[in-house]
Amino acid sequence: MKFSALSVFLQGLKGNRGWPEQWRSPEPKAAYDAVIVGAGGHGLATAYYMAKEHGMRNIAVLEKGWLGGGNTGRNTTIVRSNYLWEESEGIYEHAMKLWEGLSHELNYNVMYSPRGVMMLAHNIHDVQVFKRHVHANRLAGIDNEWLTPEEAKAFCPLLNIGKNIRYPVIGASLQRRGGTARHDAVAWGYARGADALGVDIIQNCEVTGIRRDVSGAVAGVETAKGFIATKRVGVVAAGNTSVVMAMAGVRMPLESYPLQALVSEPVKPMMPCVVMSNTVHAYMSQSDKGELVIGAGTDAYTSYSQTGGLHIATHTLDAICELFPAVRRLRMLRNWGGIVDVTPDRSPIIGKTPVPGLFVNCGWGTGGFKATPGSGHVFAHLVAKGEPEAIAAPFTLDRFRTGRLIDEAAAAAVAH
Amino acid sequence: MLLIRCPYCEMDRPELEFRYGGEAHVARPADPMATTDAEWAEFLYFRTNPRGLHAERWRHINGCGRFFNCLRDTVSDRIVTTYKAGTPRPNIDGSAS
């Protein structure tokens with residue numbers, strides 16, 4: 001069914017008890033044309049675009065837990081595209097353009113809010129790096145501008161631009177089209193859209209093995225609900241990608257780290273934009289519920305525990321309290337960790353693998369949410385056609401052999 | 001925060017005294033010129049990243065300063081044992097906790 005002002009009104013008259021389920025909960029069929037492993041935002045978007053743009057309706061998305069329950073439901077919902085290299089600008093700006101029309105595309109309010117993403121510079125190195133980003137972005141037709149501390153404070157009045165703090169703000173870059181979106185709604189919207197096009201979304205169905213035929217090509221997947229035959233498997237398993245790929249005997253240039261975030265008690269609107277500081281490892285925005293959403297850093301060691309050391313969050317709060325003195329007496333409601341799969345060059349891998357029929361979309365590291373629509377869009381093309389389109393082509397697994405890295409690690413310093 | 005036993009100092013110390021050093025037992029090829037691009041990429045970039053027991057290097061940077069190895073379960077973050085650099089990985093099945 002379609003959401004509209006009329007449907008909301010009519011359902012309101014019935015006490016909102018007449019809303020149907022937004023997607024089915026089917027049992028898996030014996031065979032599919034393609035199987036996507038992982039029903040997070042990226043996997044669901046992949047299935048949606050495969051069905052919508054490539055006409056593949058006989059496909060399944062397998063999820064070991066519940067859809068959107070991994071990093072999609074754990075991130076800090078920031079959307080931006082101000083990356084340094086042309087390859088990165090291509091994929092993240094592709095996603096940004098899709099964000100702008102996504103609520104209409106899906107007939108589902110993903111609450112995309114281009115409220116501006118401001119990145120603070122605290123030292124000369126930051127100034128040089130951010131100005132380089134500003135120039136590179138503008139050459140690529142992506143909005144990004146340089147602000148003085150006074151202009152930064154005008155854009156975000158909470159900000160402390162005093163000269164006597166440990167890391168004074170000496171400038172900032174601002175992408176006005178950047179902002180936030182409702183993370184859960186993105187997963188739900190894509191799930192609903194894919195389901196309406198005939199995609200089977202199968203939750204509580206962990207993939208336990210990848211079966212290959214005598215030629216070495218993919219023959220199907222072993223799951224908690226039995227064997228499912230398929231010639232094409234797209235792995236979109238974020239932090240668990242190494243584990244899933246090992247089932248097909250493929251080693252990955254990935255390490256999985258806990259990345260933490262926390263939210264405060266809800267308060268009235270006080271934070272008009274997103275502010276990030278890579279140097280002091282902190283960023284903050286305010287959700288529509290009123291909670292301040294704060295992103296911390298990764299732990300030092302690899303882990304699948306979905307939790308991290310308290311000293312990481314404490315370090316972030318030290319910086320937050322200095323940059324935003326008004327929040328010092330706020331209580332934090334909860335904190336959590338997600339497991340992010342990090343590549344050596346901090347750019348994603350969207351590509352074919354040595355196993356015919358096996359495709360992988362991973363390595364989004366600490367910043368995958370912003371890319372969700374673009375990632376799903378280009379990966380759908382890859383799985384459906386067997387070859388990447390131009391935007392995804394540089395992000396091969398093979399680049400670690402050839403040396404054509406897309407080095408956003410040095411470019412973006414810390415957080416994404 | 002992890003509590004890590006330095007096998008040189010023979011003391012349990014908080015994680016903040018240490019620096020993580022990545023996967024252990026990744027040997028640099030003895031003759032780099034003789035390796036293929038794929039072998040060199042394997043050495044530089046490809047890691048086991050296991051869900052379970054992980055052999056990893058730590059350095060007691062704010063202590064004795066020495067590198068050592070550690071077996072840790074990456075699901076529970078429980079440290080099974082630490083051992084000195086240069087010694088082989090202990091043959092332990094750490095899945096039981």
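# Group meeting talk: a predicted complex, a few residues and chain B

Let me start with one residue: Glu291(A) is buried, at a relative accessible area of 8%. Where does Glu291(A) sit in chain A? It is in the loop between strand 15 (282-286) and strand 16 (292-298). Leaving aside residues up to four places away in sequence, Glu291(A) touches Val263(A), Ser264(A), Glu265(A), Pro266(A), Ser285(A), Gln286(A), Leu333(A) and Arg334(A). So that is a glutamate that counts as buried, because its relative accessible area of 8% falls under the 20% cut-off.

Before I go on, please keep in mind that this is a predicted model. The predictor gives the complex an ipTM of 0.94 and a pTM of 0.95.

Staying in chain A, let's move along to Gly309(A). This glycine lies in the loop between strand 16 and helix 8 (310-323), and at 0% relative accessibility Gly309(A) is buried. Which residues does Gly309(A) touch, not counting those up to four places away in sequence? They are Gln260(A), Asp299(A), Tyr301(A) and, over in the other chain, Met1(B). Here is one more distance for those of you with the viewer open: Gly309(A) and Leu259(A) are 50 residues apart in sequence, with their C-alpha atoms 10.0 Å apart in space.

Now for the backbone angles. As a general rule, most residues other than glycine have a negative phi. I have two residues to show you against that background. Met111(A) has a positive phi, near 55°. You will find Met111(A) in the loop between helix 3 (86-106) and strand 4 (117-121) of chain A, and it is partly exposed, with a relative accessible area of 30%. The other is Ala238(A), where phi is about 45°, again positive in a residue that is not a glycine. Ala238(A) is placed in the loop between strand 12 (233-235) and helix 7 (241-246) of chain A, and at 28% relative accessibility it counts as partly exposed.

On to the cysteines, since someone is bound to ask. How many disulfides are there over all chains? The count is 0, taking a disulfide as two cysteine sulfurs within 2.5 Å. Cys273(A), for instance, is in no disulfide; its nearest cysteine sulfur, in Cys156(A), is 4.0 Å away. Cys273(A) is also buried, at 0% relative accessibility. Why is Cys64(B) not bonded to Cys9(B)? Cys9(B) holds the closest cysteine sulfur, but at 3.7 Å from the sulfur of Cys64(B) it is too far for a bond. Unlike a buried residue, Cys64(B) is partly exposed, at 33% relative accessibility.

That brings us to chain B as a whole. Its secondary structure comes to 1 helix and 6 strands, and from the N terminus the order is β-β-β-α-β-β-β. The C-alpha trace spans about 40 × 30 × 20 Å along its principal axes. Of the 97 residues in chain B, 37% are buried. Among the chain B contacts with a separation of 6 or more, 45% are between residues 24 or more positions apart.

As for the surface, chain B exposes about 5,500 Å², with carbon and sulfur atoms supplying 50% of that area. Chain B carries 13 positive and 13 negative charges, and the mean positions of the two groups are 6 Å apart. Finally, on confidence, chain B averages a pLDDT of 94, and 96% of its residues score at least 70.

Thanks, everyone; I'm happy to go back to any of these residues.

Methods: Residues numbered from 1 in each chain as written. Chains lettered and ligands numbered in written order. Predicted model: local features only at pLDDT ≥ 70, side-chain atom pairs only at ≥ 80, totals over all residues. Heavy atoms only, no water. Helix = DSSP H or I, 4+ residues; strand = E, 2+ residues; numbered from the N terminus. Buried < 20%, exposed > 50% of the residue type's maximum accessible area, 1.4 Å probe, protein only. Contact = heavy atoms within 4.5 Å. Areas by Shrake-Rupley, 256 points an atom, 1.4 Å probe, with all protein chains shown as cover. Lys, Arg positive; Asp, Glu negative; His and termini not counted. Charge placed at Lys NZ, Arg CZ, Asp CG, Glu CD. pLDDT = per-residue confidence, 0-100.
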